[in-house]
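Here's a quick briefing on how some helices pack and where empty space turns up in this model. Have the structure open while you read.

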Amino acid sequence: MQKLKWKNMVLLLLAAFIWGVAFVAQSVGMDYIGPFTFNGVRCLIGSAFLLPCIFVFDRTKNMEEKEKIKVNQKTLWLAGIFCGIILFVATNAQQIGLQYTTAGKAGFITALYIVFVPIIGIFLKKKCHWNVWISVLIAVVGFYLLSIKDGFSLSKGDFFVFICALVFPFHIWCVNHFAPFLDGVRLSCIQFCVCGILSVICMFFLEKPELGAILSAWAPILYAGILSCGVGYTLQIIGQKNFNPTIASLLMSFESVFSVLAGWVLLGQALSKREMAGCVLIFAGVVLAQIPAKKEV
């Protein structure tokens, strides 16, 4: 069980790293195309990328595992559709919000999902130790120091990103429920197919997609599609298997730290002392959250 916990932690942190760098790709992609076009194309690419992965991984499964997949086929599709709908709302709300608010505010507001995960857990009759609640508060302060550089106000963009922060915890709890008995790669593939199809429908109704503009954004789209969708969210599903969802959300919230580091390395944005202090607090919150996990996970 101890090895499983560390394996889960590494997978979730790797997912957070991929998503953090993807934040730069998402911002660059918006220079060429609209939010629904970006998410529609990247999600369908991510889903297509996972198809050969399913074939490869199936060859390593034994007969018992293959039979389990057949038995849970209906549940797999229902879970994939449900997760895909939630992801559609969350990712497009965030992408729309990025058009009207700063990256710093978007990073902080999105990170508020780490607070909503345990709150939703209360309604699901899930208990959290006091360590986890304190770690969440420490992490939120860290996110504030890391992301907010001026006065905080709720603009149109802030509102849409806040919607993302409200919706994403439902995806975490949904994955937490289905991941233990479903194939993670298949679940990820279906959810992105659903999210991509819904985004493409909105793309044709609400935007004017142009092939030339999509091709101009090929680099950020491929990164966001293959790595952020195809790899990152699959790591999330596998990493959340039999793992405390609140602690998982804290680990995945490192996305904000990695996004700042990615901006520093790729865009030349240096870290201030305030931002470094925020990173330290987030790390401290995640470490503190691991204390009760020894008995719960």
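Start where helix 8 meets helix 12: Ile172, Trp173 and Asn176 come from helix 8, and Pro245, Ser249 and Met252 come from helix 12. Keep in mind that this is a predicted model. From there we'll follow helix 8 over to helix 11, then look at helix 2, and finish with the cavities and the pocket.

**Helix 8 with helix 12**
- Sorted by class, this contact has four nonpolar residues, two polar ones and no charged ones.
- Helix 12 covers residues 245–252, and its axis sits 10 Å from that of helix 8, at an angle of about 125°.
- An angle like that makes the two helices, helix 8 and helix 12, oblique to each other.
- As for handedness, helix 8 crosses helix 12 in a right-handed way.

**Helix 8 with helix 11**
- Here the axes are 9 Å apart, and helix 8 and helix 11 pack at about 55°.
- So helix 8 is oblique to helix 11 as well.
- The crossing of helix 8 and helix 11 is right-handed.
- On the helix 8 side, the contact uses Phe168, His171, Ile172 and Val175, while helix 11 brings in Tyr233, Gln236 and Ile237.
- Five of these residues are nonpolar and two are polar, with no charged ones in the contact of helix 8 with helix 11.
- Ile172 is worth clicking on, since it appears in the contact with helix 12 and also in the contact with helix 11.

**Helix 2 with helix 11**
- Helix 2 runs over residues 35–58 and helix 11 over residues 218–239; their axes are 8 Å apart and the angle is about 55°.
- Helix 2 and helix 11 are therefore oblique, and their crossing is right-handed.
- Helix 2 puts Phe38, Val41, Arg42, Cys43, Ile45, Gly46, Phe49 and Leu50 into this contact, and the helix 11 residues they meet include Pro220, Ile221, Leu222, Gly225, Cys229 and Thr234.
- Split by class, the contact of helix 2 with helix 11 comes to 13 nonpolar, five polar and one charged residues.

**Cavities**
- How many cavities of 30 Å³ or more does the model have? The count is two.
- The largest cavity holds about 170 Å³ of space.
- Its lining is made of 14 residues, and the ones nearest the centre of the largest cavity are Thr91, Gln94, Phe168, Tyr233 and Glu255.
- Helix 1, helix 4 (73–97), helix 8 (156–178) and helix 11 each give at least two residues to that lining.
- By class, the lining of the largest cavity has seven nonpolar, five polar and two charged residues.
- Phe168 and Tyr233 do double duty: they belong to the contact between helix 8 and helix 11, and they are among the residues nearest the centre of the largest cavity.

**Largest pocket**
- The volume of the largest pocket is about 580 Å³.
- Which residues are closest to the centre of the largest pocket? They are Lys61, Leu182, Asp183, Gly184 and Lys241, out of 23 lining residues.
- Two or more lining residues of the largest pocket come from each of helix 1 (2–29), helix 3 (63–71), helix 9 (184–206) and helix 11.
- The lining of the largest pocket divides into 11 nonpolar, five polar and seven charged residues.
- Helix 11 is one to keep highlighted: it supplies residues to the lining of the largest pocket and to the lining of the largest cavity.

Key
Residues are numbered from 1 along each chain as its sequence is written. This is a predicted model: local features need pLDDT of at least 70, side-chain atom pairs count only at pLDDT 80 or more; totals for chains, interfaces and linings use all residues. Side-chain values use heavy atoms; hydrogens and water are left out. Axes are lines fitted to C-alpha atoms, for helices over the stretch in contact, and angles run from 0 to 180 degrees between N-to-C directions. Helices (H or I, at least four residues) and strands (E, at least two) are DSSP runs, numbered from the N terminus. Angles under 35 degrees count as roughly parallel, over 145 as roughly antiparallel, 65 to 115 as roughly perpendicular and the rest as oblique. A crossing is left-handed if the near helix is turned anticlockwise from the far one by less than a right angle, and right-handed if clockwise. Contact means heavy atoms within 4.5 Å. Ala, Val, Leu, Ile, Met, Phe, Trp, Tyr, Cys and Pro count as nonpolar, Asp, Glu, Lys and Arg as charged, and the others, Gly among them, as polar. On a 1 Å grid over the protein atoms alone, a cavity is a set of points where a 1.4 Å probe fits but cannot get out, and a pocket is an open set with protein on both sides within 12 Å along at least five of seven lines; lining residues have an atom within 4 Å of a point. Grid points are joined across faces, edges and corners, and a volume is the space filled by probe spheres set on the points.
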